[in-house]
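Me: Could you walk me through the metal and ligand sites of this model? I'd like to take it one question at a time.

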Amino acid sequence: MTPHSSMYGPLQRRYIENTMISQKSNQIRMMEQSCRLAATALSWAGTLVKPGVTTDEIDAAVHDYLLTREATPSTLNYHGFPKSCCISVNDVVCHGVPSSYKLQSGDLVNIDITCNKGGFHGDTSATFYVGKVNDEQRKLTECAHAAMMEGISILSPKKRTGDVGHAIENFVKKKNFYIVHEIGGHGIGENFHEDPFVPSWGKKNTGEFFTPWKCITVEPIISETNSPLVSHLIPNSDIEYFTTLDHCLSAQFEHTILITDKGHEVLTAW
Ligand code: MF3
Ligand code: CO
Ligand code: CO
């Protein structure tokens with residue numbers, strides 16, 4: 001409910017406004033806590049990435065890490081998704097389901113963790129190297145990270161979703177890699193996925209303006225070729241996972257970011 005000047009006297013108005021402001025900052029504090037936990041869980045998961053470790057073992061570790069810190073994994077049972085994080089190896093583009101697959105030296109692996117702490121969601125992902133990887137894999141991964149940071153750098157209430165997409169796409173094209181168009185960032189807060197959709201491609205001065213004191217994610221996926229994707233069903237789930245048709249590699253990073261009155265703050269800094 002918004003206080004309407006004609007309905008209340010000045011004291012009541014001040015009371016209502018103050019209450020609204022403090023509720024808002026409480027929500028932001030909750031988002032900060034949830035995002036900090038998602039970030040520390042991701043750093044911890046990254047230390048487990050080694051040849052011979054199964055993606056199920058990493059998933060179980062993430063599950064315990066969150067539960068012992070009064071949080072739950074948002075992905076578990078989300079539209080029937082069966083695991084506590086997404087782990088996408090090599091030609092799996094995103095939404096990879098942890099399994100008995102043993103990581104091998106030379107694999108590129110993205111771990112995407114979303115936690116729910118106190119009713120608020122924090123969402124972050126990173127691509128890790130397993131053992132020794134080659135220069136092309138490093139270039140691809142560094143490009144995905146830098147592309148995410150390019151997109152984040154322009155965030156403010158004066159900018160629109162297309163501006164982020166444009167910043168990312170422009171950067172990636174210069175590096176001669178390709179953007180995956182199907183997946184993008186999203187609003188996040190009391191729901192895992194909220195409006196607006198934040199594409200990793202697009203035109204300047206298009207799309208919705210960002211709203212101050214709301215959170216969004218920026219999560220570009222970059223691939224080596226412009227291969228089409230293949231979608232795969234996950235049993236008993238509405239979620240699909242994707243692979244590249246030509247089996248080329250992809251890399252992804254993701255942060256949850258608070259839009260402030262003048263700019264932004266990254267809440268999931270690892
Ligand atoms: N964490 C993913 C994102 O960044 C979504 C995963 S949904 C799942 O939006 F069901 F696949 F887990
Ligand atoms: Co996300
Ligand atoms: Co995510």
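Me: Which residue bridges the cobalt ion (ligand 2) and the cobalt ion (ligand 3)?

Reply: Happy to help, and bear in mind that this is a predicted model. The two cobalt ions, ligand 2 and ligand 3, lie 3.3 Å apart. An OD atom on one residue is a donor to ligand 2, and an OD atom of that residue also coordinates ligand 3. The bridging residue is Asp-123.

Me: What are the protein donors of the cobalt ion (ligand 2), and how are they spaced along the chain?

Reply: The protein donors lie 2.0 to 2.3 Å from ligand 2. They are Asp-123 through OD, His-186 through NE2, and Glu-219 and Glu-254, each through OE. Along the chain, the spacing reads D-x62-H-x32-E-x34-E.

Me: And how are the donor residues of the cobalt ion (ligand 3) spaced in sequence?

Reply: Asp-112 is listed twice with OD among the donors of ligand 3, alongside Asp-123 (OD) and Glu-254 (OE). These distances run from 2.1 to 2.4 Å. In sequence the donor residues follow D-x10-D-x130-E.

Me: What is the geometry at the cobalt ion (ligand 2)?

Reply: Six octahedral donors would ideally give angles of 90 or 180 degrees. Ligand 2 has 6 donor atoms, with angles of 51 to 162° among them. Octahedral sites need non-opposite angles between 65 and 115 degrees and opposite donors over 155 degrees apart, so the 51° angle rules that out and the site is irregular.

Me: How much of ligand 1 does the protein bury?

Reply: Let's start with its polar contacts: a nitrogen atom of ligand 1 is 3.1 Å from a side-chain N or O atom of Asp-112. An oxygen atom of ligand 1 lies 2.8 Å from a polar side-chain atom of His-193. Taken alone, ligand 1 exposes 340 Å², and the share buried by the protein is 97%.

Me: Where does ligand 1 sit?

Reply: Around ligand 1 there are 14 residues, and among the nearest are Thr-75, His-193 and Glu-219. By class, this shell has 5 nonpolar, 5 polar and 4 charged residues. As for the location, ligand 1 sits in the largest pocket.

How values were computed
Residues are numbered from 1 along each chain as its sequence is written. Chains are lettered from A and ligands numbered from 1 in the order in which they are written. This is a predicted model: local features need pLDDT of at least 70, side-chain atom pairs count only at pLDDT 80 or more; totals for chains, interfaces and linings use all residues. Side-chain values use heavy atoms; hydrogens and water are left out. A residue is near a molecule or strand if one of its heavy atoms lies within 4 Å of it. A polar contact is a pair of N or O atoms within 3.5 Å; within protein, one must be able to donate a hydrogen and the other to accept it, and residues adjacent in sequence count only if both atoms are side-chain atoms. Accessible areas come from the Shrake-Rupley method with a 1.4 Å probe; for residues, only the protein chains shown count as cover. On a 1 Å grid over the protein atoms alone, a cavity is a set of points where a 1.4 Å probe fits but cannot get out, and a pocket is an open set with protein on both sides within 12 Å along at least five of seven lines; lining residues have an atom within 4 Å of a point. A molecule sits in a cavity or pocket if more than half of its atoms lie within 2 Å of its grid points. Ala, Val, Leu, Ile, Met, Phe, Trp, Tyr, Cys and Pro count as nonpolar, Asp, Glu, Lys and Arg as charged, and the others, Gly among them, as polar. Donors are N, O and S atoms within 2.8 Å of the metal (3.2 Å for Na, K and Ca); water is not among the atoms, so sites may look incomplete. Four donors count as tetrahedral if all angles lie between 85 and 135 degrees; four count as square planar and six as octahedral if opposite donors are over 155 degrees apart and all others between 65 and 115; anything else is irregular.
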